[in-house]
Amino acid sequence: MKMNMVSAINLALHQEMERDETVVVMGEDVGVDGGVFRVTEGLIEKFGPDRVIDTPLSESGIVGTAIGMAMNGLRPVAEMQFMGFSYLSLNQMITHAARMRNRTRGRLSVPMVLRMPYGGGVKALEHHSESTEALYAQIPGLKVVVPSSPKQAKGLLTSSIRDPDPVVFLEPKRSYRLIKEEVPEEAYTIPIGKARVMQEGDDVTVVGWGAMLPLIETATKKLEDISAEIIDLRSISPMDTETILESVKKTGRVVVVQEAPRSFGVGAEISARIMEKSVLHLEAPVERVAAPDITVPLPRSEDYYYINPDRIMRGIAKVMEF
């Protein structure tokens, strides 16, 4: 069945709640209103207010409650309306969710999912366009995944809900309704920690995640006489370094495309791992195509800030001409 990412995530939630009665959904307006992007639409009618819980506007309260639920046998899927609001709950995620298994020497775990739309490209308001996946990925004990398409979203969310540890599930809202593709109706999983080679190539490896993949595809289709291998990272932490290194051995050139600001990000981590493990295979320095190190601008200036296919093509040209 062809569907967009919103429908695919909604279907995954329906199927996991049917499969496992310990799965509960919670967050601001996730029940009666079906969520700010309608991702949870129809859940409260089917599963009732005891399993689809409209919460007060309190991000710290939502996450703190989810942690308590998870430690007591439930599998909460908590929604932040936007990534930029999630920082109010960071203390709960860092101090408790991420550390509980270690703190209790394995006696307790926190099988919860923190879902949130992230990123720009839709000309949203302040605090609505952040791409701070590196912030969460640096916290030991948290897993961070980012789907790039409807099919990927359904499988990765199913895996995240079934995971025994806390998973931060980032949804590229630019892609919510941008892409439609065939999505299996039956439940399926995509392993966390495994990247996919989206397109095979011989000359340059282009690594991206989330909303960057459609832009990378557009850019690479315009290339003449350059064969690009595209890697969809899918999982920021744990990261599938092996798939990246295997590609580097083949191509010798790498471009990492990230929506986040250039400095201290996931692209820097990928570049460091390549330097540590595969520097002798490189024919050129790893190139990062990233946002500038500034606050995400308001809508009128967003096009100057956001990644586009031309910038990706210039990054590829740079490593090819080195």
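Is F85 buried, exposed or partly exposed? F85 is partly exposed, with a relative accessible area of 24%. The cut-offs are under 20% relative accessible area for buried, over 50% for exposed and in between for partly exposed (1.4 Å probe, protein chains only).

The legends below describe a predicted model, in which local features need pLDDT of at least 70, side-chain atom pairs count only at pLDDT 80 or more, and totals for chains, interfaces and linings use all residues. Residues are numbered from 1 along each chain as its sequence is written, and side-chain values use heavy atoms, with hydrogens and water left out.

**View 1. The largest nonpolar core has 45 residues.** A nonpolar core is a set of buried Ala, Val, Leu, Ile, Met, Phe, Trp, Tyr and Cys residues joined through side-chain atoms within 4.5 Å. M112, W209, L233, I270 and I274 have the most contacts inside this core. At least two residues come from each of β2 (23–27), α3 (59–71), α4 (90–97), β5 (113–118), β7 (167–172), α9 (241–251), β13 (254–261) and α10 (266–278). Helices (H or I, at least four residues) and strands (E, at least two) are DSSP runs, numbered from the N terminus. Helix α3 gives the largest share, 6 residues. Another core, of 30 residues, lies apart from this one. Its members include M17, L43, V113 and I161.

**View 2. Helix α7 (residues 150–162) is largely enclosed by the rest of the structure, because 11 of its 13 residues are buried.** The buried residues are P150, Q152, A153, K154, G155, L156, L157, T158, S159, S160 and I161. At 1.5 Å a residue, the 13 residues of α7 should span 18 Å. The expected span is 1.5 Å times one less than the number of residues. The end C-alpha atoms of α7 are 19 Å apart, which agrees.

**View 3. Ring pairs link F37, F82, F85 and Y176 into a cluster.** Rings of Phe, Tyr and Trp (its six-membered ring) pair if their centres lie within 6.5 Å; planes under 30 degrees apart count as stacked, over 60 as edge-to-face and the rest as tilted. The count comes to 3 aromatic pairs. F37 and Y176 form a tilted pair, 5.0 Å centre to centre, with 55° between the planes. This pair links distant parts of the chain, 139 residues apart. F37 sits in the loop between β2 and α2 (43–47), and Y176 in the loop between β7 and β8 (181–182). Y176 is buried, at 2% relative accessible area. F82 and F85 form an edge-to-face pair, 5.7 Å centre to centre, with 80° between the planes. F82 is buried, at 9%, whereas F85 is partly exposed, at 24%.

**View 4. E171 and R115 form a salt bridge, and both are buried.** A salt bridge is a side-chain nitrogen of Lys or Arg within 4 Å of a carboxyl oxygen of Asp or Glu. The closest N and O atoms of E171 and R115 are 2.5 Å apart. E171 lies in strand β7 and R115 in strand β5, so the pair ties together parts that are 56 residues apart in sequence. The whole structure holds 15 salt bridges.

**View 5. E18 and K46 form a salt bridge between helices α1 (residues 5–19) and α2.** Their closest N and O atoms are 2.1 Å apart. E18 in α1 and K46 in α2 are 28 residues apart. E18 is partly exposed, at 47% relative accessibility. K46 is partly exposed too, at 46%. A network of salt bridges links E16, R19 and R162.

**View 6. E246 and K249 form a salt bridge within helix α9.** The closest N and O atoms are 3.3 Å apart. E246 and K249 are 3 residues apart, about one turn of the helix. An α-helix has 3.6 residues a turn, so residues three or four places apart point the same way. E246 is partly exposed, at 41% relative accessibility. K249 is partly exposed, at 46%.

**View 7. M275, V279 and L280 make a nonpolar surface patch of about 330 Å².** Patches are made of residues with over 30% relative accessible area and no salt bridge: like charges are joined within 9 Å, nonpolar side chains (Val, Leu, Ile, Met, Phe, Trp, Tyr) within 5 Å. Accessible areas come from the Shrake-Rupley method with a 1.4 Å probe; for residues, only the protein chains shown count as cover. L280 lies in the loop between α10 and β14 (287–291). L280 is exposed, at 83% relative accessible area.
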